[in-house]
Amino acid sequence: MKKVYFKTFGCRTNQFDTQVMISKIGACQIVQDELDSDVVVVNSCTVTNGADSSVRQYIASLKRKNKDVKVILAGCGSHSKGEELFDDGAVFGVMGHSEKEKIGELLSREERFYEIGDLNHIDTTVVENFIGKSRAFIKIQEGCDFECSYCIIPSVRGKARSHGIETILEQIRLLASNGFGEFVLTGTNMGSYGRDIGLSLATLLKKISYIRGVRRVRLGSLEPIQIDSEMMELLNEPWMARHLHIALQHTSDSMLKIMNRRNKFSEDVRLLEKISNAGYAIGTDFIVGHPGEGEVEWSEAIGKIADLPLTHIHAFTYSKRDGTSSAVMKNGIVNGTIAKVRHLELTNIIKDKNLIFRKNNRQNLDILLESGKDGTYKGYDQYYNAVDVQSDDDLRGNWIIADCMEVRDEKNWLKY
Ligand code: SF4
């Protein structure tokens, strides 16, 4: 029996895609050690030039250590770098996003293959289990219609398209019956769910909440302009995790324009205040050091950040991605050292805000513990704050309600 190892780079969407492939491997065996494998499937990320290099380096080092291994390139990188890596002989096979569900047949091939497929496909596979995880990630949507200037994703994942509602609900029913209580919805641009099939994200959420066993639903990243009145009405539902991740990307209006974003700060601030007043923690993505971010733009942006009710941040230092319009911008290139300083300034502000939020929200924390060893278990509360719980009992996969957390610098702590 062929031994297969999966290596996943990139985002949650890719993690989910790996699960789809794992559930379709047919007569092969999954191994946990790449050096003990006959085939390694590299589910790649191509979001920046750096991500491409990481994938390339991984493949090169793998082949140095295990020279007989066959490498199959899957994921976003198959669409941007697949041809090049195939022609160089660096990989045995290349498979595009639409070919994931055929992986069993591709794994059986003895001849090299290049099966890039198309960017219109939508998977119908129902993933029944997630090995070793207590939260289940559910991909509800694929692709993006936005055209942010720095982003290559629309050209490697295609236009926005929704997974069928019945496939999603079936997936959640199965996972809930297998013991999962928390569901994290993901997608390339998940807030666009339903637009192509006459539905909405709010409709899907309501249907998910009716499924027996669903205790909490978390949403992946939403665009501010996608949070409509129907979504706002759901904020008080008990099954909604009290944390939304809303991708602002910047807080200077001139930068938002350069980045070809659809959001505007004046609208973002009103939206975030409403959501925060409903008792939510709010995270965001922010790109620091995009071309055009001079001292004036930065001072404006950082001043505005201080006014926003943010509690979490994914701050990225801008990294060039060939093939995007940002990559050919010549004006206002930000020096790497300056970008690093700005990144630190930004993350420190949000760190302080997060600490204040945690001090003010220590009661009735609903925590799902996911992993742990040696008596310390790790999980997240409803606000997506990390928690360490010390206990003599094995708490992996358990929910606990806690009232007297010790608020430490990085995370909350509890003796249970
Ligand atoms: S919303 Fe913008 S950043 Fe996000 S995937 Fe679409 S184009 Fe890329």
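In this predicted model, strand β11 (residues 221-222) runs parallel to strand β12 (residues 243-246), and two bridges connect them. One of the contacts between these strands has Ser221 bridged to His245 of β12. On to the next strand, β12 is joined to β13 by three bridges, and these two strands also run parallel. His243 has Ala281 of β13 as its bridge partner, while Leu244 is bridged to Ile282 of β13.

These strands belong to an open sheet of four strands, in the order β11-β12-β13-β14, with parallel pairing. The edges are taken by β11 and β14 (312-317), each of which has a single partner strand, so one side of each has no neighbour in the sheet. In general, the strands of a sheet pair through backbone hydrogen bonds, either parallel or antiparallel.

**The protein as a whole**

The protein contains 13 helices and 20 strands. Its radius of gyration is 22 Å, close to the 22 Å that the globule rule gives for 416 residues, so the protein is as compact as a globular protein of that length. The C-alpha trace spans about 60 × 55 × 45 Å along its principal axes. Of the 416 residues, 42% are buried. Among contacts between residues at least 6 apart in sequence, 73% join residues that are at least 24 apart.

**Domains**

The domain assignment divides the protein into domain 1 (3-115), domain 2 (136-359) and domain 3 (365-415). Taken over C-alpha atoms, the centres of domain 2 and domain 3 are 25 Å apart. Eleven residues from domain 2 and eight residues from domain 3 take part in the contact. On the side of domain 2 that touches domain 3, β13 (281-288) and α13 (336-360) are the elements that give two or more residues. Strand β13 therefore has a part in this contact as well as being paired with β12 in the sheet. By class, this side of domain 2 has two nonpolar, four polar and five charged residues.

**Surroundings of the ligand**

The residues around the ligand are Cys144, Phe146, Glu147, Cys148, Cys151, Ile153, Pro154, Thr188, Asn189 and Glu223. This shell divides into six nonpolar, two polar and two charged residues.

**Two residues with positive phi**

Asn260 has a positive phi although it is not a glycine, and Asp374 likewise has a positive phi without being a glycine. The table sets out the values for each.

| Residue | Phi | Loop | C-beta neighbours inside 10 Å |
|---|---|---|---|
| Asn260 | about 55° | between α10 (253-258) and α11 (265-277) | 14 |
| Asp374 | about 50° | between β15 (365-373) and β16 (376-380) | 6 |

The loop that holds Asn260 lies between two helices, α10 and α11, whereas the loop that holds Asp374 lies between two strands, β15 and β16. With 14 C-beta neighbours inside 10 Å, Asn260 counts as partly exposed. Asp374 counts as exposed, because there are 6 such neighbours around Asp374 and the cut-off for an exposed residue is 12 or fewer.

Note on methods: Residues are numbered from 1 along each chain as its sequence is written. This is a predicted model: local features need pLDDT of at least 70, side-chain atom pairs count only at pLDDT 80 or more; totals for chains, interfaces and linings use all residues. Domain bounds come from an automatic or database domain assignment. Two residues are in contact if their C-beta atoms, placed from the backbone, lie within 7 Å. Ala, Val, Leu, Ile, Met, Phe, Trp, Tyr, Cys and Pro count as nonpolar, Asp, Glu, Lys and Arg as charged, and the others, Gly among them, as polar. The radius of gyration is taken over C-alpha atoms; the globule rule is 2.2 Å times the number of residues to the power 0.38. A residue is buried if 20 or more other C-beta atoms lie within 10 Å of its own, exposed if 12 or fewer, and partly exposed in between; C-beta atoms are placed from the backbone. A residue is near a molecule or strand if its C-beta atom, placed from the backbone, lies within 6 Å of it. Two strands pair if DSSP finds at least two bridges between them.
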